[in-house]
Amino acid sequence: MRTTVNTHVKHLPANERRAVTVEAVIELAGSQNPSEITTAAIAKHMNLTQGALFRHFPTKDAIWQAVMEWVAERLLARIDCAAQGIESPLAAMQAIFMSHVEFVAEHPGVPRMMFGELQRAEQTAPKRIVQALILRYGERLHRLIEAGKACGELSTALDTEAAATLFIGTIQGLVMQSLLAGNVERIRHDAPRVFAIYQRGIRSAQ
């Protein structure tokens, strides 16, 4: 991504400049604490002045909002695409799980930023975007879980809300383990085995 970020940034149209700024922030967040990323660091990473950066984003929060909007749009599109055309609700859930894991592996800075926003005490625009993303993600899981119960794949006694929460929480746990280990590739290795355990807990005994 670094090559893309630094290639003729000064000469890009405004909308492309904003997109490249988002990419730069995500790349920086993959190697350092997002709370420590300054506008000066972003501008330096892009070979720009801070003044040039602020022509497109009036504040640092505006940059963070654009990043979170990018994350929400891309992640939801990714999981929707993964589940498309799969008749089995459980198989669709597995496809979503693996595609989400792959998204994190490709963009390790994303979960760092999301965790950072959710930890903020104040209600900011970026934090609201993350909360809305989790809500919309949960709604997709609810529909699949209910469909799985209806077709007999999942236990009819299954707590839909808890199963959706555990699904997302399981991915978050994998992310935390990979961050603690300092090895993002670990999430790709662990995900299939972890989902197999989750699946055994929710599927119908029949």
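The following exchange concerns the fold, surface and interior of a predicted model.

Me: What secondary structure does the protein have, helices or strands?
Reply: The protein contains 10 helices and zero strands. Read from the N terminus on, the order is α-α-α-α-α-α-α-α-α-α.

Me: What box do the C-alpha atoms fill?
Reply: Along the principal axes, the box is roughly 65 × 35 × 30 Å.

Me: And how much of the protein counts as buried?
Reply: Of its 206 residues, 43% are classed as buried.

Me: What share of the contacts comes from residues 24 or more positions apart?
Reply: Such residues account for 65% of the contacts that have a separation of 6 or more.

Me: Turning to the surface, what area does the protein expose?
Reply: The exposed area is about 10600 Å², and carbon and sulfur atoms supply 53% of it.

Me: How many positive and negative charges are there, and how far apart are their mean positions?
Reply: There are 22 positive and 20 negative charges, with mean positions 6 Å apart.

Me: Now the interior: how many cavities of 30 Å³ or more does the structure hold?
Reply: The structure holds one. About 220 Å³ of space lies in this largest cavity.

Me: Which elements give two or more residues to its lining?
Reply: These are α6 (89-106), α7 (109-118), α8 (125-151) and α9 (160-181). The largest share, five residues, comes from α7.

Me: Which lining residues lie nearest the centre of that cavity?
Reply: Of the 16 residues lining the largest cavity, L75, H100, M114, I168 and Q172 lie nearest its centre.

Note on methods. Residues are numbered from 1 along each chain as its sequence is written. This is a predicted model: local features need pLDDT of at least 70, side-chain atom pairs count only at pLDDT 80 or more; totals for chains, interfaces and linings use all residues. Side-chain values use heavy atoms; hydrogens and water are left out. Helices (H or I, at least four residues) and strands (E, at least two) are DSSP runs, numbered from the N terminus. Buried means under 20% relative accessible area, exposed over 50%, partly exposed in between (1.4 Å probe, protein chains only). Contact means heavy atoms within 4.5 Å. Accessible areas come from the Shrake-Rupley method with a 1.4 Å probe; for residues, only the protein chains shown count as cover. Lys and Arg count as positive and Asp and Glu as negative; His and the chain ends are not counted. The place of a charge is taken as NZ of Lys, CZ of Arg, CG of Asp or CD of Glu. On a 1 Å grid over the protein atoms alone, a cavity is a set of points where a 1.4 Å probe fits but cannot get out, and a pocket is an open set with protein on both sides within 12 Å along at least five of seven lines; lining residues have an atom within 4 Å of a point. Grid points are joined across faces, edges and corners, and a volume is the space filled by probe spheres set on the points.
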